[in-house]
Amino acid sequence: NTSEQYDFALLMIGDSGVGKTCLTHRICGGQFPSRVEATIGVDFRERLLDIDGEKIKLQLWDTAGQERFRKSMVQHYYRNVHAVLFIYDVICPGSFNGLIAWIEELYHGKQ
Ligand SMILES: Nc1nc2c(ncn2[C@@H]2O[C@H](COP(=O)(O)OP(=O)(O)OP(=O)(O)O)[C@@H](O)[C@H]2O)c(=O)[nH]1
């Protein structure tokens, strides 16, 4: 098999408790976990896909939404991923408004 493997790194971003870890588990393992704890720093999970014979490896970087982890960790990852998924909780409007701060930080990090 000579097909190349493509690697894509995705960053999960959003306020604490919006479901980033659960969504990451769902995408990578197929199931929502029954119990999760607040992420500390950054976790990492993978999913291998086969799309029309192309091998694709998704790397999902699941970050901590808690403020105290934000500055130190996230800037580095913003520079080193292909895409950022901004996650919010549909029944918590504050978590949607909270994305503004995360997006502003992304642009600061890129400078
Ligand atoms: N009802 C409901 N609860 C959810 C859903 N996704 C996650 N939860 C719950 O919300 C809580 C927080 O989920 P996490 O996935 O840890 O959230 P997070 O964004 O990773 O949180 P941090 O690690 O603190 O940034 C947990 O108790 C989950 O069980 C969902 O789609 N529906």
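**Fold, sheet and ligand shell of the predicted model**

Going along the sequence, the chain reads β-α-β-β-α-β-α-α. That gives four helices and four strands in total. The model is a predicted one, and the C-alpha atoms of the chain fit in a box of roughly 45 × 40 × 20 Å along the principal axes. Of its 111 residues, 16% count as buried. Looking only at contacts with a separation of 6 or more, 64% of them come from residues 24 or more positions apart.

The sheet is a good place to start. Four strands build an open sheet in the order S2-S3-S1-S4, and the pairing is mixed. S2 and strand S4 (83-86) sit at the edges, each pairing on one side only. Averaged over the sheet, and with direction ignored, neighbouring strands are turned by 25° against each other. In the middle of that order, S1 (residues 5-13) runs parallel to S3, and eight bridges join the two. Two of the facing pairs can be picked out here: Gln5 stands opposite Lys55 in S3, and Met12 stands opposite Asp62 in S3. Helix H1 (residues 20-29) packs on this sheet and touches S1, S2 and S3, with its direction at about 165° to that of S3.

On its other pairing, S3 meets S2 in the antiparallel sense, over 10 bridges. Here Glu46 faces Gln59 in S3. The hairpin made by S2 and S3 has two residues between the strands. One residue to look at in this loop, which links S2 (42-51) to S3 (54-63), is Asp52. Most residues other than glycine have a negative phi. Asp52, though not a glycine, has a positive phi of about 50°. Is Asp52 buried or exposed? Asp52 counts as exposed, because there are just 5 C-beta neighbours inside 10 Å.

Turning to the interior, the largest nonpolar core takes in nine residues: Leu11, Met12, Ile13, Val18, Leu60, Trp61, Ile87, Tyr88 and Trp102. S1 and S3 are the elements that give two or more residues to this core. S1 has the largest share, with three residues. Ile13, a member of this core, also has a list of partners from further along the chain. Setting aside neighbours within four places in sequence, Ile13 is in contact with Thr63, Val84, Leu85, Phe86, Ile87 and Trp102. Of these partners, Ile87 and Trp102 belong to the core as well.

The ligand has 14 residues around it, and those that come nearest are Gly19, Lys20, Thr21, Thr39 and Gly65. By character, the shell splits into five nonpolar residues, eight polar and one charged. Lys20, one of the nearest residues, has its place in helix H1. Why does Lys20 count as buried? Lys20 has 27 other C-beta atoms within 10 Å, and the cut-off for a buried residue is 20 or more. Its contacts outside the four places on either side in sequence are Met12, Gly14, Asp62, Thr63, Gly65 and Ile87. Met12 and Asp62 in this list are the pair that stand opposite each other between S1 and S3, while Gly65 is another of the residues nearest the ligand. Lys20 and Trp61 are 41 residues apart along the chain, with their C-alpha atoms separated by 9.7 Å.

Asn97 offers a second example, this time from helix H3 (residues 93-97). Asn97 is exposed, because 11 other C-beta atoms lie within 10 Å and a residue counts as exposed at 12 or fewer. How far apart in space are Asn97 and Asp7? From C-alpha to C-alpha the two are 31 Å apart, and in sequence they are 90 residues apart.

Note on methods:
Residues numbered from 1 in each chain as written. Predicted model: local features only at pLDDT ≥ 70, side-chain atom pairs only at ≥ 80, totals over all residues. Near = placed C-beta within 6 Å. Nonpolar A, V, L, I, M, F, W, Y, C, P; charged D, E, K, R; others polar. Pairing = 2+ DSSP bridges. Axes fitted to C-alpha atoms, helices over the stretch in contact; angles between N-to-C directions. Contact = placed C-beta atoms within 7 Å. Core = buried A, V, L, I, M, F, W, Y, C linked by C-beta atoms within 7 Å.
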